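Biologist: I am new to this structure and would like a careful, close look at one part of it. Please start from a single residue, say what kind of element holds that residue, and then work outward at an unhurried pace.

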Amino acid sequence: MFTRPGDILVSLGDRPSFFAIEEGRDLSFVQAGPFILDGVLDQLGATRAELVPAAFGPFRDRLIAGLAIRMEELASTSSVALHWTFGVLVALTMDAAGRRQSKSNSRRLTTRTLAEIGAVIAARLHQPITVADLARIAGMGERTFSAAFREATGLPAYQLILRRRVDRALELLKATAIPLAEVSLRSGFTHQAHMTRTLKRLKGSTPRRIRKAG
């Protein structure tokens, strides 16, 4: 994961972190042993797990960045001030982690929403379906929906739509004798050649061969 100037990176000792810095930069580095960190968290009535969202990737917070720089100055002067500054830094990082977790939760698709999307795709396969259409059902922006859908299903939304069209085409090819052009229209393909190319790519066979094989 690449960073920009001003980014804050949180790394927890019991979890791997991967950060890459492309060019030389001045870094403010704050490190605390597990006993010190857990002691501060205990005083805050928190656990290390609550910090995990902050380690998902870089984030920005001017106050946290300022405290990190200040701690470098305090390191050689006042251990008491250093301790309390670190406590404030941890508390602010917990707040940042909470905001990030809330934002992440707001971008997740529920099982119910996924079921609604699946039903819409099944009912409208013979019609044009866009990612924007599905995003409106989820009540999300298109980019947010695309990311959430891929996280929930492992596939881009357009790929799932395409696979459902392939499934419908296979059903019609095996269960009916309607013309191939009609199969392509009922399955939502733009034309017969589109269906043929897609089936050949995803199933390794043409519509005629699939129908003949039964």
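Modeller: A helix is taken here as a DSSP run of H or I that is at least four residues long, and the helices are numbered from the N terminus. Please keep in mind throughout that this is a predicted model. With that in place, I would begin at Ala65, which is found in helix 2, an element that covers residues 62-74. Ala65 has a relative accessible area of 26%, and it counts as partly exposed because that class lies between the limits of under 20% for buried and over 50% for exposed. From Ala65 one can reach back along the chain to Ile8: the two residues are 57 apart in sequence, and 7.0 Å separates their C-alpha atoms.

Staying in helix 2, the next place to look is a pair of charged side chains. Side chains of opposite charge can pair when their charged atoms come close. Glu73 and Arg70 form a salt bridge, with 2.7 Å between the closest N and O atoms. Both partners belong to helix 2, where a spacing of 3 residues, about one turn of the helix, sets them apart. Glu73 is partly exposed at 45% relative accessibility, and Arg70 is also in the partly exposed class, with a value of 43%.

This bridge can be set beside others, since 9 salt bridges are found when the whole structure is searched. One of them joins the side chains of Asp38 and Arg48, with an N to O distance of 2.8 Å. Here the partners come from distant parts of the chain, for Asp38 sits in helix 1 (residues 34-43), while Arg48 belongs to the loop between helix 1 and helix 2, 10 residues away. Asp38 is partly exposed at 34%, and Arg48 is partly exposed at 22%.

Another salt bridge brings together the side chains of Arg112 and Glu116, at 3.6 Å from N to O, and that distance qualifies because the cut-off for a salt bridge is within 4 Å. Both residues lie in helix 4 (residues 111-123), and they are 4 residues apart, about one turn of the helix. The two ends of this bridge fall in separate classes of accessibility: Arg112 is exposed, with a relative accessible area of 67%, whereas Glu116 is partly exposed, with 35%. Salt bridges also link Arg124, Asp133 and Arg136 into a network.

Some charged residues have a place in a patch instead. Arg163, Lys174, Arg201 and Lys203 form a positive surface patch. Helix 7 (157-175) and helix 9 (192-203) are the elements that contribute two or more residues to this patch. Arg163 belongs to helix 7 and is partly exposed, with a relative accessible area of 39%; that value suits a patch because membership calls for over 30% and no salt bridge.

The picture changes when we turn to aromatic side chains. The count of aromatic pairs is 1. That pair consists of Phe145 and Phe149, whose ring centres are 5.5 Å apart and whose planes meet at 40 degrees, a tilted arrangement. Both residues are in helix 6 (residues 142-153), with 4 residues, about one turn of the helix, between their positions. Phe145 is buried at 0% relative accessibility, and Phe149 is likewise buried, at 1%.

Beyond helix 6, Pro156 takes its place in the loop between helix 6 and helix 7. Although Pro156 is in a loop, it counts as buried, with a relative accessible area of 17%. Measuring across the model from C-alpha to C-alpha, Pro156 and Gly33 are 42 Å apart in space and 123 residues apart in sequence.

I would end at Leu180, which lies in helix 8 (residues 180-187). Leu180 is buried at 9% relative accessibility, and its C-alpha atom is 7.4 Å from that of Pro207, a residue 27 positions away along the chain. Returning to the starting point, Ala65 in helix 2 is partly exposed, whereas Leu180 is buried.

Conventions. Residues numbered from 1 in each chain as written. Predicted model: local features only at pLDDT ≥ 70, side-chain atom pairs only at ≥ 80, totals over all residues. Heavy atoms only, no water. Patch = residues over 30% accessible without salt bridge, like charges linked within 9 Å, V, L, I, M, F, W, Y side chains within 5 Å. Areas by Shrake-Rupley, 256 points an atom, 1.4 Å probe, with all protein chains shown as cover. Lys, Arg positive; Asp, Glu negative; His and termini not counted. Charge placed at Lys NZ, Arg CZ, Asp CG, Glu CD. Buried < 20%, exposed > 50% of the residue type's maximum accessible area, 1.4 Å probe, protein only. Phe/Tyr/Trp six-rings, centres within 6.5 Å; stacked < 30°, edge-to-face > 60°.
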